[in-house]
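Trainee: I would like a close look at a single part of this model, and some idea of how far to trust the rest.

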Amino acid sequence: NPKSASAKFNGILSFHAFPTHSDLRRQWLVNIRRDHFTITSHTRVCCRHFASDQLIEPTTLDGRRRLIKGAVPTLFEWNGYKVEPPRRSVWERTERRPELVPPDDQEEHSLTRDHDYCSVPEPSALDISASAAEDLSKDVETLRKEIQELRVQREFGLQRFKCKLTSLRNSKISQTPR
């Protein structure tokens, strides 16, 4: 009976309307790759174009298959109905010469070469850093005071020199015959 076969086949397939969110809708259109494609309220995409991890299977016999939030159709004839794993970055693909490290230093160097940007320092390291920062702050304050003292000495010395020059000029002026 063709009708029951058709009904059974349609019970396996599900058809999904285009999303209303514009960015997600744009992703669907890009992946579908249809020129001059017009979406209507009746336009649907078959479940076979979605990866299985993007489908929510029905929990009851008469339930409907749904899509997870943000699902995008990715399985098409143009990609052989499979999704290739993301291409590795240039950094990951580029072969580099291993660093020349003496065998006894390898462990130490491997720790410094390899790092984790998300790691949090041990609390004791923070204590040392705080202590070092405090010491540096004291050194800066000491240097500021020394600079201030040198400025005062320089200005006092120049002021004294200026006074001597003025008194010398005045004495020369008074000594010159008119």
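Trainee: Over which residues does pLDDT stay under 50, and how many contacts beyond four places in sequence does the model have for them? After that, please go through helix H2 (residues 22-32).

Mentor: This is a predicted model, in which local features need pLDDT of at least 70, side-chain atom pairs count only at pLDDT 80 or more, and totals for chains, interfaces and linings use all residues. Residues are numbered from 1 along each chain as its sequence is written, and side-chain values use heavy atoms, with hydrogens and water left out.

pLDDT (the predictor's confidence in each residue, from 0 to 100) stays under 50 over residues 1-9, and the model has one contact for them beyond four places in sequence. Contact here means heavy atoms within 4.5 Å. Where pLDDT is low, the predicted coordinates should not be read in detail. Across the protein the mean is 76, with 63% of residues at 70 or more. Helix H1 (residues 2-12) has the lowest confidence, a mean of 45, whereas H2 has the highest, at 93.

H2 belongs to a set of five helices and four strands. These are DSSP runs numbered from the N terminus: helices are H or I with at least four residues, strands E with at least two. Their order along the sequence is α-β-α-β-β-β-α-α-α.

Within H2, the buried residues are Leu-24, Trp-28, Asn-31 and Ile-32. Buried means under 20% relative accessible area, exposed over 50%, and partly exposed in between, with a 1.4 Å probe and protein chains only. Seen down the helix axis, these residues fall within an arc of 100°, so they line one face of H2; the arc is taken from the directions from the axis to the C-beta atoms. Their packing partners are strand S1 (15-17), S2 and strand S4 (66-67). Just after the helix, Arg-33 has a positive phi of about 55°.

H2 also takes part in the largest nonpolar core, which has 14 residues, with Phe-18, Trp-28, Ile-32, Val-45 and Phe-50 making the most contacts inside it. Such a core is a set of buried Ala, Val, Leu, Ile, Met, Phe, Trp, Tyr and Cys residues joined through side-chain atoms within 4.5 Å. H2 and strand S2 (44-46) each supply at least two of its residues, and H2 gives the most, with three. Beyond four places in sequence, Val-45 is in contact with both Trp-28 and Ile-32, and its other partners include Phe-15, Phe-18, Phe-50 and Pro-73.
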